Amino acid sequence: MILVTGGAGYIGSHIVVELLEAGHQVVIIDNLSNSDQSVINRIKLITKKQALFYQGDVRDSALLTSIFKKHNVSAVIHCAGLKAVGESVVQPLAYYDTNVYGTICLCNAMNKAGIKRLIFSSSATVYGLEATPPYLEVTERGSSCSPYGSSKAIVEKILEDLNVSDPQWSIVILRYFNPIGAHPSGRIGESPQGVPNNLMPYISQVAAGLLPELLIYGNDYPTVDGTCVRDYLHVMDLAQGHRMALKKLSDTGISYYNLGTGKGVSVKEMVDAFVEATGVAVPYQFAPRREGDLAAFWASAEKARLELGWQAQKSLKDMMVDTWRWQVASTSES
Ligand code: NAD
Ligand code: WQD
C-alpha cells in the first residue's frame with residue numbers, strides 16, 4: 001500500500017490514478033485546503049478502483065500514526081503542501097509550517113512506524129536564480145526567489161540530513177519543472193482557486209471566456225521571441241515518473257531526479273500551440289515583466305531516463321487538448 005499525501009490535489013490525484021491502474025493499493029491523506037473530496041470519486045470513475053481516503057493534516061502526528069498502524073504502508077509519496085509563490089511572500093510562516101514542519105511530522109511518524117521509503121515533490125525552483133539551463137541534478141541548490149522555493153530547498157536538506165543519520169532511509173527527490181495538462185478522461189485536472197497565477201490555467205480560462213485576456217509578462221527577454229521559456233510537461237507523464245521512481249526505493253540512500261521534457265517552450269509558443277490544438281482564440285496583450293521571473297530554464301531529463309527508465313511521452317498538443325477538455329468539463333459543471 002502506498003500513502004499519497006495531498007492525493008486529492010492536482011498532481012497527487014493523477015499519481016493516484018497512475019498507481020491504481022498499475023495495481024498498487026493507495027491510501028490518501030489530504031486536508032482538502034486546496035482540493036475537493038469529489039476528486040476521490042472521480043478517481044474511482046476513471047480507474048474503477050477505490051483509493052482509501054483520510055481527510056486530515058500531515059501535521060497531525062496522531063492521525064499519521066493511526067494510518068500507519070491500520071494499513072500496511074510500504075512507501076510514501078509526499079505531495080501535500082502549499083505551492084503559490086506570491087502567497088508565500090505574504091504568508092511565509094504558513095508556507096514553512098505546512099511544507100517544512102509538515103514534512104518533519106511525516107518523517108517522524110514514518111520513523112516510528114519503521115517506514116523509511118519516501119518520494120518527495122520538489123521543484124525546479126530549488127536551482128535558484130543563478131543556474132544556467134539545462135539544469136542538471138548536480139547543479140547546486142541556489143538562492144531562492146521566494147519562501148515557497150526556500151521551503152522546498154530546506155526540506156531537501158532535511159531529508160539529506162535524515163539519510164546521513166539513518167542510512168536505512170531510501171529517499172527520492174523529484175524536481176518537477178512546469179506540470180500542465182489533465183487526465184485524458186477530462187474527469188480530473190487543475191482547479192486553481194480564484195484567478196490563476198500559472199500560465200496554463202490562465203490561458204484555458206481566457207479561452208473559456210472566464211477571463212478577458214492573457215497578459216504576457218515581458219516580451220523583451222533574451223529568448224526566441226522575447227517571452228519567457230519554461231519546460232512544460234504533461235501531468236500524466238509526471239505521474240508515471242513517480243510510479244517508476246517507486247522502484248528506486250528498493251535501494252537505500254538519497255537520489256534526485258528532474259522531471260521535465262528537456263525542452264524549453266516560450267509563453268508565446270504556448271499560446272500559439274493552444275490555439276492550434278483547440279481552434280479556440282486566446283486574446284492576449286504584452287505587459288511588463290513579472291517580478292522574480294527568470295528568462296528561461298529547462299531540465300536535463302537524462303538522469304531520469306538513464307536511471308528510472310522514464311521519459312516524457314506526451315506532446316505539447318496532448319497537453320493543450322487535455323487541458324482544454326478538462327476546462328470545458330469543469331466549466332460546464334460549475
Ligand atoms: P495542489 O494544491 O493541487 O495539491 C496539494 C494538496 O495538498 C491539496 O490537495 C491540498 O489540499 C493538500 N494539502 C495542503 N496542505 C496540507 C496539509 N497540511 N495536510 C494535508 N494535505 C494538505 O498542488 P499540486 O500542484 O498538486 O502540487 C503538489 C506538490 O507538488 C506540492 O508539494 C507542490 O509544491 C509540488 N510542486 C508543484 C508544482 C506545480 O507546478 N503544480 C511544481 C513543482 C512542485
Ligand atoms: C510561466 C511563464 C510567466 C501567467 C511556477 C513556480 C514554480 C513551479 C511552477 C511549484 C512565466 C508567464 C504566467 C500569466 C504570463 N511551481 N505568465 N502570464 O513561474 O515558471 O513557475 O510554477 O513548484 O515554483 O514559480 O510558472 O506558469 O507561473 O509562469 O505571461 O498570466 O508564463 O511570466 O514566464 P513559473 P507560471
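Is Arg 290 buried, partly exposed or exposed, and what is its relative accessible area? In this predicted model, Arg 290 has a relative accessible area of 37% and is therefore partly exposed; the close-up views described below take up this residue again after the ligand site and the surroundings of Ser 146.

**View 1. Residues around ligand 2 in the predicted model.**
Ligand 2 is surrounded by 19 residues, of which Tyr 148, Leu 199, Leu 215, Arg 230 and Asp 293 come nearest. Sorted by class, this shell comprises eleven nonpolar, five polar and three charged residues. Strand β8 makes the greatest contribution to the shell, giving four residues.

**View 2. Polar atoms facing the oxygen atoms of ligand 2.**
In the side chain of Tyr 148, an N or O atom lies 2.5 Å from an oxygen atom of ligand 2, and in the side chain of Ser 123 an N or O atom lies 2.9 Å from an oxygen atom of the ligand. The backbone also takes part, since a polar backbone atom of Leu 199 is found 2.8 Å from an oxygen atom of ligand 2. Ligand 2 exposes 680 Å² when taken alone, and the protein buries 88% of that area. Two elements, α7 (199–207) and β8 (214–217), are those that give two or more residues to the shell around this ligand.

**View 3. Ser 146 and its surroundings.**
Ser 146 is placed in the loop between β5 (117–123) and α6 (147–165), and because its relative accessibility is 4%, Ser 146 counts as buried. A polar atom of the Ser 146 side chain lies 3.0 Å from the backbone nitrogen of Gly 149. When neighbours within four places in sequence are left aside, the residues in contact with Ser 146 are Val 85, Ser 88 and Val 89.

**View 4. The salt bridge between Asp 97 and Arg 59.**
The model contains 17 salt bridges by the rule applied here, and one of them joins the side chains of Asp 97 and Arg 59, with an N to O distance of 2.8 Å. Asp 97 belongs to helix α5 (residues 92–113), whereas Arg 59 sits in the loop between β3 (52–55) and α3 (61–70), so this pair ties together parts that are 38 residues apart in sequence. Both partners fall in the partly exposed class, Asp 97 because its relative accessibility is 33% and Arg 59 because its relative accessibility is 25%.

**View 5. The salt bridge between Lys 116 and Asp 166.**
Lys 116 and Asp 166 form a salt bridge in which the closest N and O atoms are 2.6 Å apart. Since Lys 116 lies in the loop between α5 and β5, and Asp 166 in the loop between α6 and β6 (170–176), the pair ties together parts that are 50 residues apart in sequence. Lys 116 and Asp 166 are both buried.

**View 6. Arg 290 and its partner Asp 293.**
The partly exposed Arg 290 forms a salt bridge with Asp 293, and the closest N and O atoms of the pair are 3.1 Å apart. Asp 293 is also among the residues that come nearest to ligand 2.

**View 7. Arg 141 within a network of salt bridges.**
Through salt bridges that share partners, Arg 141, Glu 156, Glu 160 and Arg 175 are joined into one network. Arg 141 is located in the loop between β5 and α6 and counts as partly exposed because its relative accessibility is 26%. The side chain of Arg 141 makes a polar contact of 2.9 Å with the side chain of Glu 156, and a polar contact of 2.9 Å also joins the side chains of Arg 141 and Glu 160. From C-alpha to C-alpha, Arg 141 and Glu 156 are 9.5 Å apart in space, with their positions 15 residues apart in sequence numbering. Not counting residues up to four places away in sequence, the residues that Arg 141 touches include Val 126, Tyr 127, Ala 153, Lys 157, Arg 175 and Tyr 256.

**View 8. Ala 94 and Ser 300.**
Ala 94 is situated in helix α5 and, because its relative accessible area is 28%, is partly exposed. Ala 94 and Ser 300 are separated by 206 residues in sequence and by 32 Å in space, from C-alpha to C-alpha.

Note on methods. Residues are numbered from 1 along each chain as its sequence is written. Chains are lettered from A and ligands numbered from 1 in the order in which they are written. This is a predicted model: local features need pLDDT of at least 70, side-chain atom pairs count only at pLDDT 80 or more; totals for chains, interfaces and linings use all residues. Side-chain values use heavy atoms; hydrogens and water are left out. A residue is near a molecule or strand if one of its heavy atoms lies within 4 Å of it. A polar contact is a pair of N or O atoms within 3.5 Å; within protein, one must be able to donate a hydrogen and the other to accept it, and residues adjacent in sequence count only if both atoms are side-chain atoms. Accessible areas come from the Shrake-Rupley method with a 1.4 Å probe; for residues, only the protein chains shown count as cover. Ala, Val, Leu, Ile, Met, Phe, Trp, Tyr, Cys and Pro count as nonpolar, Asp, Glu, Lys and Arg as charged, and the others, Gly among them, as polar. Buried means under 20% relative accessible area, exposed over 50%, partly exposed in between (1.4 Å probe, protein chains only). Contact means heavy atoms within 4.5 Å. A salt bridge is a side-chain nitrogen of Lys or Arg within 4 Å of a carboxyl oxygen of Asp or Glu.
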